[in-house]
Amino acid sequence: MTIIAMSKFRPHAGKASLVLQNMKDVASEFEKMGMTARISRDMLGPDAGCLTFSSFHETFTDSMTGLEKVFSSDWWAKIQMRLDDNPSSDIVVPLNLIRTIAGGMHATHRFFMWRWYLIKRDKMPEAMELFTAVEEMCNKVDIKPVLIAPVTGEPMSSMVIGYGAESMNHAGKGMDEMGMSEEYQAMVRKGAALGELYRAWMSIPA
C-alpha cells in the first residue's frame, strides 16, 4: 500500500509556468526531507491544464510525520506568505490523502488514463476481483494499472482506477489494443453493475 497526499491547482491566466516552477521548488524541498514528490498536469478531461502535486509515503505514520515536518518548517511559512501576497492559482482539490488498494504507481509509467467510479464500500471486494482480470489484460500491452481510494475528502464512496503508460503514444496503443477489445468492454459492463462511472481524465508528467 502507498499513501498519497495530493492537491490540485488551476493556474491563473498567464501564470502556468510560474505555478509549475513554484511546485518544482517545493518538490525539491520535499526530496531534501526524504519524501518523493511528483507533479502532473491534466492533459484531457474536466480539469485540463490543472497541476497536481503529490507526495508518496509507505505508511500513514510516514505521511503524517512528513506533512508535519513540512508544515512546521520555516520555508513553508515563507511559501504561505508568498501565496497570500501574490496568489497565482486557485485550489481545485484541497490537500487530501488517498491510498492504493491494488496495483501500484511506477516511475516509468506516468502517463495515466483515470476512471473514477462512485461505488459503495461493500462492493469493493467484487471490484478487486475485476481488477485482477484487468491487470492480466494490461500486462499484455505493458500498461500498469492501479486502484486507489480516498482516505479523506469526497465522495468517500468511490474509487479510481488508473492505467499507467510510458508515453502518450503508448497510452493510445493501450486504448486501441486493450481498451477497445471485447474482453475489456465485457469487464467495463461488469464494472457498471457495481458502480457509476463519474469522471475520466488523462494526466501526464509536468
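Reader: Which residue meets K8 in a salt bridge through its side chain?

Author: This is a predicted model, and the pairing is read from its side-chain atoms. A salt bridge needs a side-chain nitrogen of Lys or Arg within 4 Å of a carboxyl oxygen of Asp or Glu. For K8 the N to O distance is 3.5 Å. The partner is D47.

Reader: How many residues apart in sequence are the parts that K8 and D47 tie together?

Author: K8 and D47 meet in a salt bridge at 3.5 Å, N to O. K8 belongs to strand β1 (residues 3-11), while D47 sits in the loop between β2 (36-44) and β3 (51-57), so the pair ties together parts whose separation in sequence is 39 residues.

Reader: Are K8 and D47 buried or exposed?

Author: Buried means under 20% relative accessible area. K8 has a relative accessible area of 7%, and D47 has 9%. Because both values fall under that cut-off, K8 and D47 each count as buried.

Reader: Which other residue meets D47 in a salt bridge, at 3.1 Å?

Author: Side chains of opposite charge can pair when their charged atoms come close. The side chain of D47 has such a partner, with N to O at 3.1 Å. The partner lies in strand β8 (residues 196-205), so the pair ties together parts that are 152 residues apart in sequence. With a relative accessible area of 26%, this residue is partly exposed; it is R199.

Reader: What is the distance between the closest N and O atoms of D142 and K144?

Author: D142 and K144 form one of the seven salt bridges in the structure. D142 is partly exposed, at 33% relative accessible area, and K144 is partly exposed too, at 26%. Their closest N and O atoms are apart by 4.0 Å.

Reader: Which residues are joined into one network by salt bridges that share partners?

Author: D47 meets K8 in one salt bridge and R199 in another. Salt bridges with shared partners make one network. Its members are K8, R10, D42, D47 and R199.

Reader: What is the phi of D142?

Author: Most residues other than glycine have a negative phi. D142 is not a glycine, yet its phi is positive. D142 is found in the loop between α4 (124-139) and β6. Its phi is about 60°.

Reader: Where is the peptide bond that is cis, with omega near -10°?

Author: Most peptide bonds are trans. A cis bond leads into P155, which lies in the loop between β6 (144-150) and β7 (158-165). The bond runs from E154 to P155.

Reader: Is V70 buried or exposed?

Author: V70 has its place in helix α2 (residues 60-71). Its relative accessibility is 1%, and the cut-off for buried is under 20%. V70 therefore counts as buried.

Reader: Which residues is V70 in contact with, leaving aside its neighbours within four places in sequence?

Author: One of them, M33, is 37 residues from V70 in sequence and 8.3 Å from it in space, C-alpha to C-alpha. With neighbours within four places left aside, the contacts of V70 are F30, M33, M35, W75 and W76.

Reader: Which residues does M128 touch, not counting those up to four places away in sequence?

Author: M128 is placed in helix α4 and is partly exposed, with a relative accessible area of 31%. E183 is 55 residues away from M128 in sequence and 17 Å away in space, C-alpha to C-alpha. The residues that M128 touches are I101, A102 and L147.

Reader: In what order do the elements of the protein chain run from the N terminus?

Author: The protein chain has six helices and eight strands. Starting at the N terminus, the order is β-α-β-β-α-α-β-β-α-β-β-α-α-β.

Reader: What radius of gyration does the protein chain have?

Author: The C-alpha atoms fill a box of roughly 55 × 35 × 25 Å along the principal axes. Of the 206 residues, 44% count as buried. A compact globule with 206 residues would have a radius of gyration near 17 Å, which agrees with the value for the protein chain, 18 Å.

Notes
Residues are numbered from 1 along each chain as its sequence is written. This is a predicted model: local features need pLDDT of at least 70, side-chain atom pairs count only at pLDDT 80 or more; totals for chains, interfaces and linings use all residues. Side-chain values use heavy atoms; hydrogens and water are left out. Helices (H or I, at least four residues) and strands (E, at least two) are DSSP runs, numbered from the N terminus. The radius of gyration is taken over C-alpha atoms; the globule rule is 2.2 Å times the number of residues to the power 0.38. Buried means under 20% relative accessible area, exposed over 50%, partly exposed in between (1.4 Å probe, protein chains only). Contact means heavy atoms within 4.5 Å.
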